[in-house]
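Reader: I'd like to walk through this model with you, one question at a time. Can you keep the answers short and show the reasoning?

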Amino acid sequence: MPNTLSLPRRLSHVAGMIAAFIGPTVAKWSPRPALPLVAGPQSVHLGNGITLWRLPVGVVRVRERHRALPQELADVDEKLRFPVMMSDRRLTGWLDCTAWLIDHPEGLILIDTGESASFGTAEYFGGDAKSMGKIYPKIIDATAAPANDLPAMVAATGHDMSQIGLCVLTHTHCDHVGNLATLSPSTRILISPEELVPRAQSGRLLAKLPQDGRLQQTQRSLPYGVLGTVMPLTTRGDVFVAPTPGHTMGHQSVIIDLGHQRIIIAGDAAFDDVQVAKGVIPGIVEDRAATLATYDMLTRAKDEKPTLSLFTHDPANFTKLAGFETGRDRPRLPPRRTLSPADNLGHGGLAIF
Ligand SMILES: [Zn+2]
């Protein structure tokens, strides 16, 4: 049952939203806080020859109600959620913006591309400059410090952008596709089919996606427990893409299955673990019910096997990764599932590499 606010309250949220769009960009509300010192990438050896790199690529500031709606406004109807969020004048500090690099024996997989110092420019928004280019800076503030860009972070891992075979996009909001232009022409880009279905007021930057044949749509074919039907990315069947809709209806996550435990790189499925555990809804979700269903799926995944969920903007990522039990003292059993050609992995039955 949606929370039906009184008419005066509804009107005041709508008026606040209009004022926000008429007024200055978020970056001009107050002096920008100093940018955090650029930290280098962080790596964790997961076993099975896999290393996961956390790449801090740029930073974002959002309204407090964008990060989390207060309890009394959590279940306003879908149309009112955006005005409720936009009428908030309080900002978070700089939040992490994370891209991830999986160094797998079968190849390098990048997940998202992070934020860029050129946020706000017409060049950055490309074909979306006229519409989204005007709207986005009223919703968020974003930038990157020098040396905090994606190529620099990838170089710091000892790799080169041209070595990345595949980039999985969790979704197409700016802070996830902000450095798409820096990808090598040889890097394929994987996006869910649902993300490509236009939706009004979704904030998806579909015009930024390259149209040169590099884009591939996720083809899900393998039942994978509570996480639904997934697409395997490796022939040995230990990295998958799973649908995690809600934030956008095409939002997807990447799973690294280590046999006895796993990691879910869950993008903006939530801002942090507490939101998932308590059912806290951010101010920007395309579908509240789908968001809660994804929370439920992430929670039930932990009942199947130990599962670490990592979110793009979670300041706890460093600590969560540093504390991840890699099981070095346990035998590194290969995943039990063996893939067959019937799993329809794309290129002639082979996995995506
Ligand atoms: Zn984001």
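Reader: In what sense do S6 and strand S7 pair?
Author: This is a predicted model, so take the pairing as computed. S6 and strand S7, residues 188-191, are linked over 3 bridges. One of the matched pairs is leucine 166 with arginine 188 in S7. The sense of the S6 and S7 pairing is parallel.

Reader: How many residues of strand S6 are buried?
Author: Strand S6 covers residues 164-168 and is mostly covered. S4 also pairs with S6, running parallel with 4 bridges, and leucine 110 has its bridge partner in S6, cysteine 167. For burial in strand S6, the count is 5 of its 5 residues.

Reader: What joins S3 to S4?
Author: S3 and strand S4, residues 107-111, pair in the antiparallel sense over 5 bridges. Within that pairing, tryptophan 100 is matched with isoleucine 111 in S4. The link between S3 and S4 runs through 2 residues, and it is a hairpin.

Reader: Which residue in S3 is the bridge partner of tryptophan 53?
Author: Strand S2, residues 50-61, runs antiparallel to S3, with 8 bridges between them. Strand S3 spans residues 95-104, and 8 of its 10 residues are buried. The partner of tryptophan 53 in S3 is leucine 101.

Reader: OK, on to the metal. Which residues are the protein donors of the zinc ion?
Author: The donor residues follow the spacing D-H-x91-D-x44-H in sequence, which gives two Asp and His letters to place. The donor atoms lie 2.1 to 2.2 Å from the zinc ion, through OD atoms of the Asp residues and NE2 atoms of the His residues. The names are Asp175, His176, Asp268 and His313.

Reader: Why is the arrangement around the zinc ion what it is, and what do you call it?
Author: Four donors count as tetrahedral if all angles lie between 85 and 135 degrees. Here the 4 donor atoms subtend angles of 79 to 167 degrees at the zinc ion. Because of those angles, the arrangement is irregular.

Reader: How many residues apart in sequence are the parts that the histidine pair ties together?
Author: Histidine 176 sits in helix H7, residues 174-177, while histidine 313 sits in the loop between strand S14 (307-310) and helix H10 (317-322). Both histidine 176 and histidine 313 are buried. The pair therefore ties together parts whose separation in residues is 137.

Reader: Threonine 312: buried or exposed?
Author: Threonine 312 is in the loop between S14 and H10. Leaving aside neighbours within four places in sequence, its contacts include Asp96, Asp112 and the zinc donors His176 and Asp268. Buried means under 20% relative accessible area. Threonine 312 has 1% relative accessibility, so it counts as buried.

Reader: Which are the edge strands of the open sheet of 6 strands?
Author: The sheet has mixed pairing and the order S9-S10-S11-S12-S13-S14. At one end, S9 runs antiparallel to strand S10 (residues 229-232) with 2 bridges, and proline 223 has threonine 229 as its bridge partner in S10. The strands that pair on one side only are strand S9 (222-223) and S14.

Reader: What angle does the direction of helix H9 make with that of S13?
Author: Helix H9, residues 288-304, packs on the sheet. It touches strand S11 (239-243), strand S13 (262-265) and S14. Its direction relative to that of S13 makes about 170 degrees.

Reader: What is the relative accessible area of glutamine 275?
Author: Glutamine 275 lies in helix H8, residues 273-278. Not counting residues up to four places away in sequence, glutamine 275 touches Arg67, Ala68, Ala270, Val280, Pro282 and Tyr295. Glutamine 275 is buried, with a relative accessible area of 2%.

Reader: Zooming out, what radius of gyration does the protein have?
Author: The protein has 10 helices and 14 strands, and its C-alpha trace spans about 60 × 45 × 40 Å along the principal axes. With 353 residues, a compact globule would have a radius of gyration near 20 Å. The protein's value agrees with that: 20 Å.

Reader: What share of the contacts with a separation of 6 or more comes from residues 24 or more positions apart?
Author: For context, 55% of the 353 residues count as buried. Among contacts with a separation of 6 or more, the share from residues 24 or more positions apart is 73%.

Key. Residues numbered from 1 in each chain as written. Predicted model: local features only at pLDDT ≥ 70, side-chain atom pairs only at ≥ 80, totals over all residues. Heavy atoms only, no water. Donors = N, O, S within 2.8 Å, 3.2 Å for Na, K, Ca; no water. Tetrahedral: all angles 85-135°; square planar, octahedral: opposite > 155°, others 65-115°. Buried < 20%, exposed > 50% of the residue type's maximum accessible area, 1.4 Å probe, protein only. Pairing = 2+ DSSP bridges. Contact = heavy atoms within 4.5 Å. Axes fitted to C-alpha atoms, helices over the stretch in contact; angles between N-to-C directions. Rg over C-alpha atoms; globule rule 2.2 N^0.38 Å.
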